[in-house]
Amino acid sequence: TGTGGYRVGFSELMRWAIFPAVTVLLVACVVTLLRHRRQISRFDPRVWGFGISAALTVVGFILGAMIRGSNTMVPAHYHAAIGGVTAAFMTISYVWMPAMGLSLSGGRRGQAAVRWQPVLFGAGQLVFAVGFGWAGAHGMARKAYGAEQAQRGLEETLGLVVMGGGGLVAAAGGMLFLGIVGAAWWRRLRVSWRPEIRGASGGPNGRGKAKWGHTPAPETDGQ
């Protein structure tokens, strides 16, 4: 495994084998969405999340094909690719949360937050990657330190400024995701923290102690 041929072979496998397989999967997903477009609302958060994830993945492919050396085009490529995966996991979390007993906040504001959160994160990540790629296309070296890091042209500096702005937007999208999930967990804990009436053992007036993790059984209609 320490030979040059081994390393080059796996690098070429990564270079030429990943994007065809992922492209086939993306095309299959798009075809499925088009076939069921009448049953799926365009405001469905899953559709928005898939769209931004697919867009970041494709941009990652393009930036990867533009790599011509050890410059910031390399991190631009993998930040776009990783951002696509992260956006997909954020979106699927909203699908899994009800199965875990976590309810998303209702109302228009709550639904809008769930719908726009992957878009906010993905748009920021996209701008971040494009800024990094722009700097790399104009010779910005990666992993540069000291005096080498200070030697930048206008194009490189502009790319880094764009990258920084995109990073702030992506961070805001990530914080919004944490806020949505954290609020759902808090609502679950509030429901679980219920006082039980324990009769005489609960002291005067029948007041018992709060039992952590107790969730009352749902009421039935006798059927």
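1. The second largest pocket of this predicted model encloses about 280 Å³ of space. Its lining is made up of L33, I40, D44, R46, V47, G49, F50, S53, A88, T91, I92 and V95. Helix 2 and helix 3 are the elements that give two or more residues to this lining, and the largest share, 5 residues, comes from helix 2.

2. The chemical character of that lining may be considered next. The residues around the second largest pocket divide into 7 nonpolar, 3 polar and 2 charged. Among the residues of this lining, the reader may locate F50, S53 and T91 in the structure.

3. The largest pocket holds about 700 Å³ of space. It is lined by 19 residues, of which M14, R15, G64, A65 and H77 are the closest to its centre. Three elements give two or more residues to this lining: helix 1 (4–35), helix 2 (45–65) and helix 3. By type, the lining of the largest pocket comprises 11 nonpolar, 6 polar and 2 charged residues.

4. Attention now turns to the protein interior. The largest nonpolar core consists of 13 residues, and those with the most contacts inside it are Y94, M97, F121 and F177. Helix 3 (73–96), helix 4 (107–137) and helix 6 (154–192) each supply at least two residues of this core. Helix 6 gives the most, with 5 residues.

5. M97 deserves a separate remark. When its neighbours within four places in sequence are left aside, M97 is in contact with L102, L104, V181 and A184. M97 is also one of the residues with the most contacts inside the largest nonpolar core.

6. Another core, of 11 residues, lies apart from the largest one. Its members include L63, A80, F128 and F132.

7. A final point concerns V130, which is placed in helix 4. Is V130 best described as buried, partly exposed or exposed? The relative accessible area of V130 is 44%. Buried requires under 20% and exposed requires over 50%, so V130, at 44%, is classed as partly exposed.

8. V130 may also be compared with H77 in position. The two residues are 53 residues apart in sequence, and their C-alpha atoms are 8.9 Å apart in space. H77 is, in addition, among the lining residues closest to the centre of the largest pocket.

Notes:
Residues numbered from 1 in each chain as written. Predicted model: local features only at pLDDT ≥ 70, side-chain atom pairs only at ≥ 80, totals over all residues. Heavy atoms only, no water. Core = buried A, V, L, I, M, F, W, Y, C linked by side-chain atoms within 4.5 Å. Buried < 20%, exposed > 50% of the residue type's maximum accessible area, 1.4 Å probe, protein only. Helix = DSSP H or I, 4+ residues; strand = E, 2+ residues; numbered from the N terminus. Contact = heavy atoms within 4.5 Å. 1 Å grid on protein atoms, 1.4 Å probe; cavity = no way out; pocket = protein on both sides within 12 Å on 5 of 7 lines; lining within 4 Å. Points joined across faces, edges and corners; volume = space filled by probe spheres on them. Nonpolar A, V, L, I, M, F, W, Y, C, P; charged D, E, K, R; others polar.
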